[in-house]
Amino acid sequence: YSSVLSGTAIEPVYAAMVESVDRNVGRLLDILEKLELSETTVVIFTSDNGALESVTDNHPFRRGKGHLYEGGLRVPFIMRWPGQIKPGSVSKNPVISSDIYATVVDIVGNKAEPGHPVDGRSLVKDFQGEISDSAIELYWYYPHYAPQGNMPGAAIRSGDYKLIEFYDPPKVELYNLQKDISETRDLSDSLPEIKNDLIEKLQSWLAGTDPIMHSLNPDYKPNN
């Protein structure tokens, strides 16, 4: 795994982890074949965050694990569902990990119980080409100081645009991912209407999820 690099040095431990995942996913698929379950089993492969940038190259995406930039959010998402998903097909619709549960619930034919809504959305219609990516909005809430980034905040992606609201220090950044996948051109000053609209949507989503919100520590004493 020569692509697993830190500068010019190969990282053998990280490479071994990647190799172990590859090998064991293959073992799992082989077992499904041997048990004659592969045609009736939905297989989902994904990750919880982007790669650790200190030992990998996430180019063209910015930063990596622990960040709200694309290098920290973009992950592999692969599904196999014989008879429903065409082998080798690709969807460009944005998805998020909370969509997995909603999709599985839909596949097995159940519905959320009243008063207990399911986070995310079912991806079944995506397989049938009935969903346009322009109608999809994704949200992230990352309010803690991760050792990789130390940049708590929240983010929203709506259509081509993505807005990040950082909490410490407070600031807002806006990017057009269609034109600037590397997030190098902050448009928050030049597109105030889009910025304000996305801030309102993000804050409305946060209020609806009732999260533990960030707040100032009244006992904080800065080192001067």
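This is a guided tour of a predicted model, with suggestions for what to select next and what is to be found there.

**The whole chain**

Begin with all 224 residues of the protein on display, of which 29% count as buried. The C-alpha trace spans about 65 × 50 × 40 Å along its principal axes. If you colour by secondary structure, you should be able to pick out five helices and eight strands, and reading from the N terminus you will meet them in the order β-β-α-β-α-β-α-α-β-β-β-β-α. Among contacts between residues at least 6 apart in sequence, 49% join residues at least 24 apart.

**Helix 1**

Now select residues 12-34, which make up helix 1. From its first C-alpha to its last, this helix of 23 residues reaches 32 Å, which is close to the 33 Å expected at 1.5 Å a residue. Then step just past the end of helix 1 to E36, where the backbone takes a positive phi of about 60°.

**Helix 3 and the loop after it**

Move along the chain to helix 3, residues 98-107, and show the side chains of D99, A102, T103 and V105, which are the buried residues of this helix. If you look down the axis of helix 3, these buried residues fall within an arc of 160°, so they line one face of the helix. What do the buried residues of helix 3 pack against? They pack against strand 4, residues 77-80, and against helix 4. Just after helix 3 comes G109, with a positive phi of about 85°.

Stay in this region and select H116, which lies in the loop between helix 3 and helix 4, the latter being residues 124-127. Is H116 buried or exposed? Its relative accessibility is 53%, and because the cut-off for exposed is over 50%, H116 counts as exposed. You can also draw a distance from H116 to G159, since the two are 43 residues apart in sequence and 28 Å apart in space, C-alpha to C-alpha.

**The four-stranded sheet**

Next, select strands 5, 6, 7 and 8, which form an open sheet in the order 5-6-7-8 with antiparallel pairing. Strand 5 (137-142) and strand 8 (170-176) stand at the edges, and because each has a single partner strand, one side of each is left without a neighbour in the sheet. From one strand to the next, the twist averages 10°. As background, strands of a sheet pair through backbone hydrogen bonds, either parallel or antiparallel.

Look more closely at strand 6 (residues 153-158) and strand 7 (residues 161-167), which are joined by six bridges, and find G153, whose bridge partner in strand 7 is F166. On the way to the next strand, seven bridges join strand 7 to strand 8, and here F166 stands opposite K171. The hairpin that joins strand 7 to strand 8 does so through two residues.

**Two nonpolar cores**

Keep F166 on display and add L68, Y69, L138, W140, A155 and I164; these seven residues touch the most other members of the largest nonpolar core, which has 13 residues. The elements that give two or more residues to this core are strand 5 and strand 7. Centre the view on L138 and, leaving aside residues up to four places away in sequence, you will find that it touches P94, V95, I96, A155, I156 and R157. Apart from the largest core lies another one, of ten residues, among them A154, I156, I199 and L206.

**Helix 5**

Finally, select residues 192-209, which form helix 5 and lie across strand 5, strand 6, strand 7 and strand 8, running at about 65° to strand 7. At 1.5 Å a residue, the 18 residues of helix 5 should span 26 Å, and this agrees with the 26 Å between its end C-alpha atoms.

Which residues of helix 5 are buried? They are K195, L198, I199, L202 and L206, and because they cover an arc of only 105° around the axis, they are on the same side of helix 5. These buried residues pack against strand 5, strand 6, strand 7 and strand 8. Turn the view to the other side of helix 5, and you will find that E193, E200, A207 and G208 are exposed. The tour ends just after helix 5, at D210, which takes a positive phi of about 50°.

Notes
Residues are numbered from 1 along each chain as its sequence is written. This is a predicted model: local features need pLDDT of at least 70, side-chain atom pairs count only at pLDDT 80 or more; totals for chains, interfaces and linings use all residues. Side-chain values use heavy atoms; hydrogens and water are left out. Two strands pair if DSSP finds at least two bridges between them. Axes are lines fitted to C-alpha atoms, for helices over the stretch in contact, and angles run from 0 to 180 degrees between N-to-C directions. Contact means heavy atoms within 4.5 Å. A nonpolar core is a set of buried Ala, Val, Leu, Ile, Met, Phe, Trp, Tyr and Cys residues joined through side-chain atoms within 4.5 Å. Buried means under 20% relative accessible area, exposed over 50%, partly exposed in between (1.4 Å probe, protein chains only). The expected span of a helix is 1.5 Å times one less than its number of residues. The arc is that of the directions from the helix axis to the C-beta atoms.
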